[in-house]
Amino acid sequence: MRVLITGSKGFVGRNLCEALKNIRDGKDRRKKYQSLLPLTIYEYDRDGTQEELSFYCSTADFVINLAGINRPKDAKEFMEGNRGFGEVLLGLLEHHKNTCPVMLSSSVQATLQGRYAGSPYGESKLAGEELLFDYAARTGAEAYVYRFPNLYGKWCRPNYNSAVATFCDAIANNREFKVSDPSVELELLYIDDLVAAMLDALLGETRRCCYEGLECVPDAAGRYCYAPGAQKATLGEIVAMLEGFRDARETLVVPDLLEDGFSKKLYSTFLSYYESERFAYELRSNADARGSFTEFLRTPERGQVSVNVSKPGITKGNHWHMSKWEKFLVVSGAASIKLRRVGLDSDGNPYPVAEFVVRGEDMRVVEMIPGYTHSITNLSKADDLVTVMWANEPFDPENPDTYYEEV
């Protein structure tokens with residue numbers, strides 16, 4: 001398939017082009033996309049020539065028109081850029097008698113409803129939509145018009161036309177920002193969800209809808225198309241989440257990462273705005289003569305991950321938990337891990353000790369069982385022992401559930 005993407009250097013264009021290149025180059029081997037191969041990508045942006053655009057229009061099997069004007073110096077440029085370029089593009093397709101499908105990236109502002117009433121940008125987008133619908137009726141070409149809500153994700157330009165990008169950039173890099181009205185609610189669509197919908201369109205799998213005011217209503221007979229996955233959040237909620245992500249380097253708290261959840265997508269977006277010198281950060285380590293214990297991650301629902309370093313010959317632990325359980329994974333060195341059930345057996349004797357000798361190369365997990373006192377000893381006389389430890393709950397100094405008893 002030969003795909004022409006206009007506006008290829010923009011936020012959506014870059015993400016879509018990279019996704020298509022992964023398919024073209026065999027890096028994305030998902031079966032559903034193999035029917036697109038062999039794949040040729042025509043990238044066109046404002047620095048392209050008319051001759052290039054004409055050639056692309058003569059041979060393309062699918063056109064994705066992402067080109068547009070968002071922030072002109074003069075409002076008149078909205079119509080010139082958003083409808084005017086559409087005239088050029090469709091004129092070239094018609095000149096070459098190429099009736100391939102055409103997708104247009106429009107905006108919910110084209111509804112001209114609510115706060116978008118009288119919007120010059122919305123009016124220009126609506127004019128572009130009608131231009132494409134007229135072209136489709138005249139030529140028989142398939143027309144796919146997507147009215148995008150607010151978009152967010154990696155590579156979106158801050159301080160331009162995305163509040164999420166602006167907040168991400170400012171909060172990640174300690175820049176000043178303002179929130180005019182925290183109660184304003186946005187409908188938000190993640191860039192990967194949008195790209196997935198564009199790839200589906202190439203496969204002929206579009207989702208149709210109509211509009212009731214600003215609301216997108218799925219409708220198999222609808223005039224428009226939509227990308228599923230849009231979610232709503234207020235500006236205040238977004239800023240609070242982003243500040244929590246920033247603070248996670250101190251609190252070590254991993255946010256909610258449920259599949260298709262807003263928090264997961266927003267966190268991925270936030271991370272992409274760190275300047276490179278901020279990619280790395282230090283952890284607080286509790287160190288003494290025995291070695292060190294460093295907490296790495298903690299979650300409200302999935303426990304805590306820590307790194308334990310023991311000096312040669314040192315034994316740590318010798319305690320047990322009522323309810324807490326842990327997993328020990330030695331990643332460097334050799335250890336003796338011992339467990340003994342707390343209390344006495346029916347004969348009044350201590351329960352037997354279970355011992356596990358594990359080494360870094362084993363990649364063998366040993367479980368610390370509730371009701372069993374346990375210890376870990378570095379068997380080396382020269383080298384440190386490094387163990388990754390996971391506990392099912394973060395340590396709470398007010399309720400430690402840790403009781404001393406030698407194994």
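Phenylalanine 262 touches Tyr152, Leu188, Gln231, Ala233, Ile238 and Met241, leaving out residues up to four places away in sequence. This residue belongs to helix H8. Its relative accessibility is 11%, so phenylalanine 262 counts as buried. The model described here is predicted.

## Helix H8 and its surroundings

Helix H8 covers residues 262–271, and seven of its 10 residues are buried, so the helix is largely enclosed by the rest of the structure. Which residues of H8 are buried? They are Phe262, Ser263, Lys265, Leu266, Tyr267, Thr269 and Phe270.

These buried residues pack against several elements. Among the partners are three helices: H5 (163–172), H6 (191–202) and H7 (235–251). Strands E6 (150–152), E7 (185–190) and E11 (231–234) also pack against the buried residues of H8.

Now look along the chain from phenylalanine 262. Asparagine 308 comes 46 residues away in sequence, and the two C-alpha atoms are separated by 33 Å.

## The whole chain

The chain contains eight helices and 22 strands. Its C-alpha trace spans about 95 × 50 × 40 Å along the principal axes. The radius of gyration is 29 Å, while a compact globule of 407 residues would have one near 22 Å.

Of the 407 residues, 45% count as buried. The chain exposes about 21,000 Å², and carbon and sulfur atoms supply 50% of that area. Take the contacts between residues at least 6 apart in sequence: 73% of them join residues at least 24 apart.

## Salt bridges

How many salt bridges does the structure hold? It holds 25. Three of them are listed here.

| Acidic residue | Basic residue | Closest N to O distance |
|---|---|---|
| Aspartate 200 | Lysine 32 | 3.2 Å |
| Glutamate 87 | Arginine 83 | 2.3 Å |
| Glutamate 405 | Arginine 340 | 3.0 Å |

Start with aspartate 200 and lysine 32, which form a salt bridge. Aspartate 200 lies in helix H6 and lysine 32 in the loop between H1 and E2, so the pair ties together parts 168 residues apart in sequence. Aspartate 200 is buried, at 5% relative accessibility. Lysine 32 is partly exposed, at 41%.

The bridge between glutamate 87 and arginine 83 sits within one helix. Both residues lie in H3 (residues 76–95), four places apart, about one turn of the helix. Why can such a spacing suit a pair of side chains? An α-helix has 3.6 residues a turn, so residues three or four places apart point the same way. Glutamate 87 is partly exposed, with a relative accessible area of 41%. Arginine 83 is partly exposed too, at 26%.

Glutamate 405 and arginine 340 form another salt bridge. Glutamate 405 lies in the segment after E22 and arginine 340 in strand E17 (residues 334–341), so the pair ties together parts 65 residues apart in sequence. Glutamate 405 is partly exposed at 24% relative accessibility, whereas arginine 340 is buried at 8%. Elsewhere, Glu18, Lys21 and Glu43 are joined into one network by salt bridges that share partners.

## A buried aspartate without a bridge

Aspartate 401 is in the loop between strand E21 (385–391) and strand E22 (403–404). Buried or exposed? Its relative accessible area is 7%, so aspartate 401 is buried. It has no salt bridge, and lysine 324, the nearest side chain of opposite charge, is 6.0 Å away. The cut-off for a salt bridge is 4 Å, so this distance does not qualify.

What does the side chain of aspartate 401 reach? It reaches the backbone nitrogen of serine 323, at 3.0 Å. Not counting residues up to four places away in sequence, aspartate 401 touches Trp320, His321, Met322, Ser323 and Lys324.

## Backbone exceptions

Most residues other than glycine have a negative phi, and most peptide bonds are trans. Aspartate 401 has a positive phi of about 50°, although it is not a glycine. Methionine 363 also has a positive phi of about 50°. Methionine 363 sits in the loop between strand E18 (353–359) and strand E19 (365–368). At 53% relative accessibility, this methionine 363 counts as exposed.

The peptide bond from leucine 37 to proline 38 is cis, with omega near -10°. Proline 38 is in the loop between helix H1 (11–24) and strand E2 (40–44).

Key: Residues are numbered from 1 along each chain as its sequence is written. This is a predicted model: local features need pLDDT of at least 70, side-chain atom pairs count only at pLDDT 80 or more; totals for chains, interfaces and linings use all residues. Side-chain values use heavy atoms; hydrogens and water are left out. Helices (H or I, at least four residues) and strands (E, at least two) are DSSP runs, numbered from the N terminus. Buried means under 20% relative accessible area, exposed over 50%, partly exposed in between (1.4 Å probe, protein chains only). Lys and Arg count as positive and Asp and Glu as negative; His and the chain ends are not counted. A polar contact is a pair of N or O atoms within 3.5 Å; within protein, one must be able to donate a hydrogen and the other to accept it, and residues adjacent in sequence count only if both atoms are side-chain atoms. Contact means heavy atoms within 4.5 Å. The radius of gyration is taken over C-alpha atoms; the globule rule is 2.2 Å times the number of residues to the power 0.38. Accessible areas come from the Shrake-Rupley method with a 1.4 Å probe; for residues, only the protein chains shown count as cover.
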